[in-house]
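This report is for a reader who has not met this structure before. Please look over the sequence and the model first.

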Amino acid sequence: MEMQDKLKLLLAALLVVAGIAGFYLVPEGQGFLRAIAFVAGLLAAGVVMWLSTPGRAFVGYAQESVVEAKKVVWPTRKEATQMTGLVFLFVLVLALFMWIVDSGLSWLFYDILLGRG
């Protein structure tokens, strides 16, 4: 990463900190101005970040991610309901199995081996 990009990232971080500081420096009674100070700091940091090479790379990555997300084939409502039912059934069967194993081991150790039944 070039020195210019490092300075831009540092400036963006400082702008975020300035936005947070602005939020706390504005009196509590002026909530709208506090929010404006914070959002202005974030927007300024976003602009500086966008002007850097890593920022543009991130924007490109985000755009590619949106394109890939549009390619996803979502299940129908019926398929989603069936899969949810299968998950609940599997969890129920697994819980029953674990309860049986736990009860069996408790019986084996406490009643048979230790005789504390």
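The text below goes through aromatic rings, one helix and one loop residue in turn.

**Aromatic rings**

The model is predicted. A pair of aromatic rings is described by the distance of the centres and the angle of the planes. Here the count comes to 2 aromatic pairs. In one of them, the ring centres of F23 and Y24 are 5.1 Å apart and the planes stand at 90°, so this pair is edge-to-face. The other involves F23 and F38, and that pair is edge-to-face as well, with 6.5 Å from centre to centre and 70° between the planes.

| Pair | Centre distance | Angle of planes | Type |
|---|---|---|---|
| F23 and Y24 | 5.1 Å | 90° | edge-to-face |
| F23 and F38 | 6.5 Å | 70° | edge-to-face |

The pair of F23 and F38 links distant parts of the chain. F23 belongs to helix α1, residues 3-25, while F38 belongs to helix α2, residues 31-50, and the two are 15 residues apart. Taken together, F23, Y24 and F38 make up one aromatic cluster.

How exposed is Y24? With a relative accessible area of 61%, Y24 is exposed, because the cut-off for exposed is over 50%. F23, at 29% relative accessibility, counts as partly exposed, and F38 is likewise partly exposed, at 31%.

F23 has a further partner of another kind: the charged end of R34 sits over the F23 ring, 4.2 Å from the ring centre.

**Helix α2**

Helix α2 has 20 residues. From its first C-alpha to its last, α2 reaches 28 Å, close to the 28 Å expected at 1.5 Å a residue.

Which residues of α2 are buried? They are R34, G41, A45 and V48. Viewed down the axis of α2, these buried residues fall within an arc of 65°, so they line one face of the helix. The buried residues of α2 pack against α1. On the other side of α2, F32 and L43 are exposed. R34 thus appears twice in this account, as a buried residue of α2 and as the residue whose charged end sits over the ring of F23.

**A loop residue**

Further along the chain, V72 lies in the loop between α3 (53-70) and α4 (77-113). V72 counts as partly exposed, because its relative accessibility is 40%. How far apart are V72 and A95 in space? From C-alpha to C-alpha, V72 and A95 are 33 Å apart, with their positions 23 residues apart in sequence numbering.

Technical notes:
Residues are numbered from 1 along each chain as its sequence is written. This is a predicted model: local features need pLDDT of at least 70, side-chain atom pairs count only at pLDDT 80 or more; totals for chains, interfaces and linings use all residues. Side-chain values use heavy atoms; hydrogens and water are left out. Rings of Phe, Tyr and Trp (its six-membered ring) pair if their centres lie within 6.5 Å; planes under 30 degrees apart count as stacked, over 60 as edge-to-face and the rest as tilted. Buried means under 20% relative accessible area, exposed over 50%, partly exposed in between (1.4 Å probe, protein chains only). Helices (H or I, at least four residues) and strands (E, at least two) are DSSP runs, numbered from the N terminus. A charge sits over a ring if NZ of Lys or CZ of Arg is within 6 Å of the ring centre and within 35 degrees of the ring normal. The expected span of a helix is 1.5 Å times one less than its number of residues. The arc is that of the directions from the helix axis to the C-beta atoms. Contact means heavy atoms within 4.5 Å.
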